[in-house]
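Reader: I am new to this structure. Could you take me through it with questions and answers?

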Amino acid sequence: MEKSPMSEMRAMRLHVAGQPLQLERLPLPEPGPGEVRVRVLACGVCRTDLHVVDGELSRPRLPLIPGHEIVGEVAALGEGVTELAIGQRVGVPWLGWTCGACEPCLAGRENLCVRAEFTGYTRDGGYAEHCVADARYCFPLPAEDAQAAAPLLCAGLIGYRTWRLAGGEANRRLGLYGFGAAAHILIQLAVARGQAVYAFTRPGDSEAQAFARRLGAVWAGGSDETPPEPLDAALLFAPVGDLIPTALAAVRPGGAVVSGGIHMSDIPSFPYRLLWEERRLSSVANLTRRDGEAFLALAPGVPIRTETRAYPLEDANRALEDLREGRLSGAAVLIP
């Protein structure tokens with residue numbers, strides 16, 4: 001399908017969970033008050049997209065254009081938008097809108113807004129040539145490599161929030177369970193902060209383990225293995241509930257286990273002794289604009305380098321399948 005005329009756009013849309021996305025021509029969306037239209041330059045393919053497409057996140061707005069790791073240029077301004085300009089490079093993340101009036105919003109916890117809307121889930125996302133976004137939730141970005149920047153908008157941001165809630169750089173020994181897009185970004189920050197990183201992959205995945213060592217892991221092994229010394233904190237990016245008791249067993253007394261995923265298989269029962277001795281178990285939900293601003297400001301100074309594989313927009317189903325089957329090192333990115 002050729003590039004669209006100015007009044008239309010190409011998009012990959014989900015009509016039924018569990019079914020492939022469909023390549024369609026749609027009218028160019030117009031921004032409403034407080035919104036902007038973004039010409040998409042690149043959109044990362046996130047594991048959350050898989051959960052949406054596969055029906056594991058069960059309340060998408062259908063039909064839906066997935067995608068929430070969006071890098072693009074502002075193409076049109078809605079009424080009242082003054083903080084962004086036509087042609088400006090921006091990033092659009094998962095958290096797409098908040099009410100600003102509920103108790104969590106007023107307490108500075110907008111990531112828990114009771115009326116929140118999410119890009120690529122309850123709002124159309126970036127598997128398209130254009131998308132509409134709330135101007136408040138567009139992060140200004142430098143005009144650099146859009147493909148390289150796309151994974152920062154979710155894998156990077158959620159990885160950073162997970163790391164921060166686990167204690168940040170106060171932890172000397174950090175375990176990362178699931179070495180995909182988020183972990184390959186976060187390890188670079190952790191190593192730069194002097195932390196010893198222990199990487200846990202699918203059992204037998206020697207390629208991912210070698211990838212982790214190349215990025216600075218002091219140890220890499222299967223998630224069924226015990227690290228050579230107790231961890232101060234363990235961060236979970238694999239959506240596998242069985243890893244919760246495994247990670248609790250790997251952290252020292254007083255250590256933390258934080259799950260960074262939006263979806264996970266059921267957690268099995270486990271003996272209280274794994275949680276005892278003041279170990280902490282928590283999750284991360286979404287992100288705040290403050291998280292985004294802080295991480296995107298520090299990323300260039302690390303510097304964080306993403307490893308990506310580009311796919312044409314029309315190959316979104318293939319990119320999702322490669323992610324599902326563990327055939328990626330780093331992150332997949334769609335290029336319209």
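Reader: In which strand does D232 lie?

Author: This is a predicted model, and every value here is computed from it. D232 belongs to a strand that covers residues 231–236. That strand is β13.

Reader: Is D232 buried or exposed?

Author: A residue counts as buried under 20% relative accessible area. D232 has 6% relative accessibility. That value makes D232 buried.

Reader: Which backbone nitrogen does the side chain of D232 reach?

Author: Start with what D232 touches beyond four places in sequence: N171, R172, R173, R252, G255 and A256. One of these takes part through its backbone. At 2.9 Å, the D232 side chain reaches the backbone nitrogen of R172.

Reader: How many salt bridges are there?

Author: Side chains of opposite charge can pair when their charged atoms come close. The cut-off used is 4 Å between the nitrogen and the oxygen. By this rule, the count is 23.

Reader: What is the N to O distance between E129 and R10?

Author: The two side chains meet in a salt bridge. The cut-off is 4 Å. The pair falls within it, N to O, at 3.1 Å.

Reader: How many residues apart in sequence are the parts that E129 and R10 tie together?

Author: E129 sits in the loop between β7 and β8, while R10 is in strand β1. The pair therefore ties together separate parts of the sequence. Their separation is 119 residues.

Reader: What are the relative accessible areas of E129 and R10?

Author: Buried means under 20%. E129 is buried, at 9%. R10 is buried too, and its value is 3%.

Reader: Where does R324 lie, and how many residues separate it from D54?

Author: D54 and R324 form a salt bridge, with the closest N and O atoms 2.6 Å apart. D54 is in the loop between α1 and β4, and R324 is in helix α9. The pair links distant parts of the chain, and the separation is 270 residues.

Reader: Are D54 and R324 buried or partly exposed?

Author: Partly exposed runs between the 20% and 50% cut-offs. D54 has 31% relative accessibility. R324 has 28%. D54 is partly exposed, and R324 is likewise partly exposed.

Reader: In the salt bridge of R123 with E117, which residue is buried and which is partly exposed?

Author: The closest N and O atoms of R123 and E117 are 3.0 Å apart. R123 has a relative accessible area of 12%, which means it is buried. E117 has 28% relative accessibility and is partly exposed. So the buried one is R123, and the partly exposed one is E117.

Reader: Which residues do shared salt-bridge partners join into one network?

Author: Salt bridges can share partners, and here that builds a network. Its members are R10, E129 and E314.

Reader: How many aromatic pairs are there?

Author: Two rings pair if their centres lie within 6.5 Å. By this rule, the count is eight.

Reader: Why is the pair of W94 and F118 stacked?

Author: The ring centres are 5.0 Å apart. Planes under 30 degrees apart count as stacked. The planes of W94 and F118 meet at 20 degrees, so the pair is stacked.

Reader: Which parts of the chain do W94 and F118 link?

Author: The two residues are 24 residues apart. Both are buried. W94 is in the loop between β5 and β6, and F118 is in strand β7.

Reader: What is the angle between the planes of Y160 and F295?

Author: The ring centres lie 5.7 Å apart. The pair is tilted, with an angle of 40 degrees.

Reader: Which helices hold Y160 and F295?

Author: Both residues are buried. They are 135 residues apart, and the pair links distant parts of the chain. Y160 is in α4, and F295 is in α8.

Reader: How many residues of α4 are buried?

Author: The buried residues include G156, I158, Y160 and W163. The helix is largely enclosed by the rest of the structure. Out of eleven residues, the buried number is nine.

Reader: Which residues does G330 contact beyond four places in sequence?

Author: G330 lies in the loop between α9 and β17. It is buried, with a relative accessible area of 8%. Its contacts are G180, A181, H184, F211 and E307.

Key. Residues numbered from 1 in each chain as written. Predicted model: local features only at pLDDT ≥ 70, side-chain atom pairs only at ≥ 80, totals over all residues. Heavy atoms only, no water. Helix = DSSP H or I, 4+ residues; strand = E, 2+ residues; numbered from the N terminus. Buried < 20%, exposed > 50% of the residue type's maximum accessible area, 1.4 Å probe, protein only. Phe/Tyr/Trp six-rings, centres within 6.5 Å; stacked < 30°, edge-to-face > 60°. Contact = heavy atoms within 4.5 Å. Polar contact = N/O pair within 3.5 Å; in protein donor to acceptor, adjacent residues only side chain to side chain.
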